[in-house]
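Subject: Structure for your review

Dear colleague,

Please find below the structure that I am handing over to you. I would be grateful if you could keep it open while you read the notes that come after it.

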Amino acid sequence: LRFLSGGSEELHPVLFSMAQGLGLLLMSIIATIPLFTTAFLSTRSFIWFGNIGIVLFPAFVVGGCFIHLLLISLSKWVIIGKFQEGKAKKFSWFFLKWWLVRRILQVPRLYTWIFDETILSSAYLRILGANIGSNVHVEQPYLLEPDLVSVGDNCVAEFEVQFATSEIRGDYLELRKVHIGNNVKVGVRAILLGGTTVHDGCEVGAKAILDFSTSSTGPCQ
């Protein structure tokens, strides 16, 4: 694996700790302010608009969630851009950005379950950078380096499938792709480690663990 941009040199421990502190502050702002603003506007709608507020209340809630998701997506693209296969030293500049983006992407799990198994769920993953085919159903996936995930057409990923495209080995962070073919079903809480390929027509059992050495070796019937 090649070194990713900003991943070949470690930052000074003091500088890294300060940057992490600022990152936590940024994450707190992204996580809380839009949600509190939505809650405030939703409750005030009854006071400001009277009976019309009954109609505006759900509109504020749904609209606030969508705006928050767009903010999450924008943060990911601004901070780290597109994830690529490669490696980086722990406590490097890239490692810091990776650490922060992963935490930001976990924030909307509080409410994205509402969109599970709808076109909105796949659309959100595409906005984040994942390559998602048509007629794909996913339910609360753990997918924190979305650009490294490719899912074909007519696939099902059941509850909390983990696309573990990153791994820390020794002093290095390693990122690898996960590819799922067409007409594939992945069972509840299965773990697909970096380098995994699941070929067309395969079914991965619940809580199974696959990596590049245990991936399906050919088309499944």
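The following paragraphs set out what was found in this structure.

Please bear in mind that this is a predicted model.

I begin with a strand. In a regular strand the side chains alternate between the two faces of the sheet. Strand β1, which covers residues 86–89, shows this alternation. G86 and A88 point to one face and are buried, whereas K87 and K89 point to the other face and are not buried. The partner of β1 is strand β8 (residues 172–175), and the two pair in the antiparallel sense over four bridges. Within this pairing, A88 stands opposite L173 of β8. K87 has a further role to note: its charged end sits over the ring of F3, 4.9 Å from the ring centre. A second case of this kind involves R109, which lies over the face of Y142 at 3.9 Å from the ring centre.

The next topic is the aromatic residues. A search of the whole structure finds six aromatic pairs. One of them is formed by F16 and F95; the pair is tilted, with 6.3 Å centre to centre and 40° between the planes. F16 belongs to helix α1 (residues 13–49) and F95 to helix α3 (residues 93–106), so this pair ties together parts that are 79 residues apart in sequence. F16 has a relative accessibility of 4% and therefore counts as buried. F95 counts as buried because its relative accessibility is 8%.

Another aromatic pair is that of F66 and F115, which is stacked: the distance is 5.6 Å centre to centre, and the angle between the planes is 25°. F66 lies in helix α2 (residues 53–79), while F115 lies in the loop between α3 and α4 (119–128), so the pair ties together parts that are 49 residues apart in sequence. Are these two residues buried or partly exposed? F66, at 35% relative accessibility, counts as partly exposed, whereas F115, at 13%, counts as buried. In addition, F16, F91, F95 and W98 form one aromatic cluster.

I now turn to the backbone. Most residues other than glycine have a negative phi, and most peptide bonds are trans. Which residues have a positive phi of about 55° although they are not glycines? N135 is one of them, and E160 is another. N135 is placed in the loop between β2 (131–132) and β3 (137–138). E160 is found in the loop between β5 (156–157) and β6 (162–164). N135 counts as partly exposed because its relative accessibility is 47%. E160, by contrast, has a relative accessibility of 16% and so counts as buried.

Finally, I draw your attention to D147. D147 lies in the loop between β3 and β4 (149–151). Its relative accessibility is 10%, so D147 counts as buried. The side chain of D147 makes a polar contact of 2.6 Å with the side chain of K76. Which residues does D147 touch when its neighbours within four places in sequence are left aside? D147 is then in contact with K76, W77, G81, K82, F83, L128, G129 and A130.

Yours sincerely,

A colleague

Methods:
Residues are numbered from 1 along each chain as its sequence is written. This is a predicted model: local features need pLDDT of at least 70, side-chain atom pairs count only at pLDDT 80 or more; totals for chains, interfaces and linings use all residues. Side-chain values use heavy atoms; hydrogens and water are left out. Buried means under 20% relative accessible area, exposed over 50%, partly exposed in between (1.4 Å probe, protein chains only). Two strands pair if DSSP finds at least two bridges between them. Rings of Phe, Tyr and Trp (its six-membered ring) pair if their centres lie within 6.5 Å; planes under 30 degrees apart count as stacked, over 60 as edge-to-face and the rest as tilted. A charge sits over a ring if NZ of Lys or CZ of Arg is within 6 Å of the ring centre and within 35 degrees of the ring normal. A polar contact is a pair of N or O atoms within 3.5 Å; within protein, one must be able to donate a hydrogen and the other to accept it, and residues adjacent in sequence count only if both atoms are side-chain atoms. Contact means heavy atoms within 4.5 Å.
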